[in-house]
Protein chains: 2
Amino acid sequence: MVSEQKIADVSFESLLRIFTIPEGPDSTLTQIEDSLSKNLNQFLREHIVAEEKPLHEIEKDFSNAAIPEQPEFVSDHTEHLLESLVSHSVHTSSPSFIGHMTSALPYFLMPLSKIMIALNQNLVKIETSKAFTPLERQVLGMLHKLIYSQNDTFYSQWMHSANHSLGAFCSGGTIANITALWVARNNALRAEGEFKGVEKEGLFRAMKHYGYEGLAVLVSERGHYSLKKAADVLGIGQQGLVAVKTDHNNRICPADLKLKFAELKQRKIKPFAVIGVAGTTETGNVDPLKEIAAICAQQSCHFHVDAAWGGATLMSSKYRHLLDGVELADSVTIDAHKQLYIPMGAGMVLFKNPDAMKSIEHHAQYILRKGSKDLGSHTLEGSRSGMAMLVYAAMHIISRPGYELLINQSIEKARYFADLISQQVDFELVSQPELCLLTYRYVPENVQAALKQASATQLDELHELLNELTKIIQKKQRETGLSFVSRTQLNPIRWAQRDTIVFRVVLANPLTTKEVLSSVLDEQRNIAKSVPDLMTRLEKVASQVLNQ
Amino acid sequence: MVSEQKIADVSFESLLRIFTIPEGPDSTLTQIEDSLSKNLNQFLREHIVAEEKPLHEIEKDFSNAAIPEQPEFVSDHTEHLLESLVSHSVHTSSPSFIGHMTSALPYFLMPLSKIMIALNQNLVKIETSKAFTPLERQVLGMLHKLIYSQNDTFYSQWMHSANHSLGAFCSGGTIANITALWVARNNALRAEGEFKGVEKEGLFRAMKHYGYEGLAVLVSERGHYSLKKAADVLGIGQQGLVAVKTDHNNRICPADLKLKFAELKQRKIKPFAVIGVAGTTETGNVDPLKEIAAICAQQSCHFHVDAAWGGATLMSSKYRHLLDGVELADSVTIDAHKQLYIPMGAGMVLFKNPDAMKSIEHHAQYILRKGSKDLGSHTLEGSRSGMAMLVYAAMHIISRPGYELLINQSIEKARYFADLISQQVDFELVSQPELCLLTYRYVPENVQAALKQASATQLDELHELLNELTKIIQKKQRETGLSFVSRTQLNPIRWAQRDTIVFRVVLANPLTTKEVLSSVLDEQRNIAKSVPDLMTRLEKVASQVLNQ
């Protein structure tokens, strides 16, 4: 090849070319795309470096705030992306990446994603999405039926009705949860007499009209952090997010929920929603949905279920009973980009009552005119992509029984891993898997013995050291790049609610084998041995306890 | 080929294959993807049917709410998608689709999108995005610099600072605007003395603490409909969105803005933000940003600019003066999926002050820990995809001068089209293009003459008929599928603010030629002739006026 230096030029003709002439079959970009299409895992293994580069080093490559004055050739820039971005991205689909809810993707979704992006539809209105609008309404109908099991008449009446909506497709679970609470808040503070409703007059006047001193949303102590954001943005305030006590399985205590209702009533604070969590982010537990539903019915309170992660369990005939009571919820959040194996950006909220979303309906002159079927009149977001197509395709290609197999194997793999951890002399299972998520920590054998006999002060000391050890192991394991588990802080009843840092594992990737799980433990054990100082301090305290 | 009927099976082995074995080179999906990659426009021309199928017909294909119990082969399902979805989607990248802000995409973004989706990063935290986090921070830095032109020291100090944020990458302009107003609201109602801030205590207590009777956001009558949603969700109420009068060019009247401030003060209502629009959705006009900024400075009020659509004009040295004053804004919304030619789903909000977003900062135990650089601590959304990569790549491959050419040609094409419309005896230009958006309507020659002499009652009558005609033309033009303009309703001062339905044209597609523009007018003229009843009624009223 002649080494002829080519400089990209800026002319209107060269610009038109990028809109009309595709990358040739020999271009760097096409070749990279091809190799990725042929074997994604190999591509990622080859291109993502294993050893972690410190973030401040990576930042050096992304430090220029000036928009380039000189265009780059696509091929040159693609090489640059491979070297500086792809190589230092996270191999989220690796079988040993078991720390978060992001898993592997089915292959067929990648070409379909490209088609979806090339079509570049905007789902806010029919004029820019056409058939994508009924498709999205069908997808919402499918999820609605999965939860609420209404009959065909129901769906033929409401699914495509211009003035109704079975839910909203969102960028993710946070927006889905905010949408549910927005609807609940507006329905609780609806128009009445002279008062035109909170959507028109705002919260301050709504409170004065109804004579409330505040608003509240009740949620388990283990609710997702994003609910605080929701309470903030909706004007309720984070203090309005009232934490309900949980039991030793991290599930809401119905008795405490009742108590909280009574307390709020005394303080003239209106609880307008209770959130049941179906799959807590940190421990994967499911609240007692039926009992919560009964209390909500009694209190005439909106019952929302945050099943962003766990909702997919409804696909499994074998395990859907774990979410019993979800069908009693007024609204449910499910993220398709979690256990439905769709790429990032596919959240949904479903409402039992097709009229529920009227309280947040919006119209405009140039779109979303009254009587139109434009989806934008019932979504918090405006312009949105055609992601629903990927959910639709996956539902058809994988089918319900296919999803069932995936869900079942995840749950059963988690149970297997929990057993494996329990069998080790130097690991402690902190939370049992209810779905496919569990937490545990590394605790050397004699430290385990010491924990059983230690005084409160000694327990404090041991926990502090163990927390430090867990942090170090998690960080080192991530840095070496062989496998990844996440960590969080729990307050287990067993340890008198002491701050307890744990490894957190989510087993949704169907490619994660038993061998991978064993090696994750081996690796952690070895890392522990590589921090002798800390281990020695732990052993020392343990010996004191055991020899006292 | 042997016609052997194959039925897709459900077994864990077959499921594993969809995660490990790519579509073969001869598969239907690969072939479709190839043909799309080779020539997108041809692919869309061939697969999207021209004649519009009525929505209720399309809905029949999307009417089943049951999740399939039987898996489909990828190839079969792909054929199905082509026939029932792609064929009835909207050809948004067509040179004659000039009705909305969705335009053609550069080719290189399609393979890059596929790579982005295959990497499936989650930008909420570094553990699931790594290098994508500094990349997104750089993209925000680039847009920040484009607006605020701070020096290198500024960006090296703040762009990658864990406790600061120059903005937020969002799914779109609506979320970006909500984020800006959320920040402004929380800063206006911050902690003070005993009061812990609106984010903690909520709106009701905030109002009582500060002694306000309400909150307000001031915006031009032509502000985007989504701002009503924002006012609703933030608890201010739609009545809190105070409309400021606009002049004959649809720009805010500074005198009226001052008046509104005074009125609100008297009513003890706190205006916590003024929104200047830089490119109104319906007419493309830009508010007098400098004058608004001066008033905001005087009133100590947050100044937000909604430049979702027009912000890209800053790329043009020639035309960036049209947005003079934007650099005085406290926050600015820009959508990259509009005039930066990025696929749907790339909104951004930038804040002048790197400390501004502290008022909405959120943390959690398992991610977003204090001091971490996780992006999720400053975004309304949680899990998000790596869309920023596409903006980054386009900035490098197209470069600033390339974008300038694109912006300039759009603006100049709109001016050309405005001239062309003005030269016709039977069209009326309703709003001049300030950027690349204009509105007009079809008005037969003698009706134009009649409009000049008509009495108020006659004007009412003529406008009503013209409105009906514009609606019919727009609808028929869309249905025949040759070209697409949108429509909206304006209240031009010239017509004594009568409801005036107009065609709305956005000229961002670089492939739209002068010939396309001529043929759009010819087509509209021909459609008008095809509704003789209405035309006769119009002519009759016009004759009455002219012969009186």
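## One turn of helix H4

Let's start in helix H4 (residues 55–60) of chain A, where A:Glu57 and A:Lys60 are three residues apart and therefore separated by about one helical turn. The two form a salt bridge, with the closest N and O atoms 3.1 Å apart. Keep in mind that this is a predicted model.

How open is each partner? A:Glu57 counts as partly exposed because its relative accessibility is 29%. A:Lys60 sits at 55% relative accessibility, so A:Lys60 counts as exposed.

## A bridge across the chains

Helix H4 of chain B has a salt bridge to show as well, and this one crosses between chains. B:Glu59, in helix H4 (residues 55–60) of chain B, pairs with A:Lys373, which sits in the loop between strand E7 (347–351) and helix H14 (388–423) of chain A. Their side chains meet at 2.9 Å, N to O.

Is B:Glu59 buried or exposed? With a relative accessible area of 10%, B:Glu59 is buried, the cut-off for that being under 20%. A:Lys373 has a relative accessible area of 21%, so A:Lys373 is partly exposed.

## A buried pair in helix H14

Helix H14 of chain A holds a salt bridge between the side chains of A:Arg400 and A:Glu404, at 2.6 Å from N to O. A:Arg400 and A:Glu404 are four residues apart in that helix, which means about one helical turn separates them. Both A:Arg400 and A:Glu404 are buried.

Taken over all chains, the structure holds 51 salt bridges. Some of them join up: A:Glu33, A:Lys114, B:Glu33 and B:Lys114 are linked in a network.

## Where chain B meets chain A

How many residues of chain B are in contact with chain A? The tally is 174 residues of chain B, touching 175 residues of chain A. People often describe the size of an interface by the accessible area lost when the parts come together. Here the area buried between chain B and chain A is about 15,200 Å², and carbon and sulfur atoms give 66% of that.

On the polar side, 66 residue pairs are in polar contact between chain B and chain A (both at pLDDT 80 or more). There are also 13 salt bridges between chain B and chain A. One more example of a salt bridge is B:Lys130 with A:Glu52, whose closest N and O atoms are 4.0 Å apart. On the side of chain B that touches chain A, helix H14 (residues 388–423) of chain B supplies the largest share, 14 residues. Sorted by type, the residues on that side of chain B come out as 84 nonpolar, 54 polar and 36 charged.

## The nonpolar cores

The largest nonpolar core has 288 residues. Which of them touch the most other members? That would be A:Ile342, A:Tyr440, B:Ile342 and B:Tyr440. Apart from this core lies another, of 78 residues, with A:Val183, B:Trp182, B:Tyr212 and B:Leu241 among them.

For a closer look at B:Ile342, leave aside residues up to four places away in sequence. B:Ile342 then touches B:Leu105, B:Leu109, B:Ala336, B:His337, B:Met387, B:Leu390, B:Val391, B:Ala394 and B:Tyr403.

## Two polar spots in chain A

A:Ser84 lies in helix H5 (residues 74–84) of chain A. At 5% relative accessibility, A:Ser84 counts as buried. A polar atom of the A:Ser84 side chain lies 2.7 Å from the backbone oxygen of A:His80. Leaving aside neighbours within four places in sequence, A:Ser84 is in contact with A:Asp61, A:Phe62 and, from the other chain, B:Ala131.

A:Glu192 sits in the loop between helix H9 (173–188) and helix H10 (198–210) of chain A. With 42% relative accessibility, A:Glu192 counts as partly exposed. What does A:Glu192 touch, not counting residues up to four places away in sequence? Its contacts are A:His209 and A:Tyr210. The side chains of A:Glu192 and A:His209 are joined by a polar contact of 2.7 Å. Along the chain A:Glu192 and A:His209 are 17 residues apart, with their C-alpha atoms separated by 8.9 Å.

Conventions:
Residues numbered from 1 in each chain as written. Chains lettered and ligands numbered in written order. Predicted model: local features only at pLDDT ≥ 70, side-chain atom pairs only at ≥ 80, totals over all residues. Heavy atoms only, no water. Core = buried A, V, L, I, M, F, W, Y, C linked by side-chain atoms within 4.5 Å. Buried < 20%, exposed > 50% of the residue type's maximum accessible area, 1.4 Å probe, protein only. Contact = heavy atoms within 4.5 Å. Buried area = accessible area lost by both parts, 1.4 Å probe. Polar contact = N/O pair within 3.5 Å; in protein donor to acceptor, adjacent residues only side chain to side chain. Nonpolar A, V, L, I, M, F, W, Y, C, P; charged D, E, K, R; others polar.
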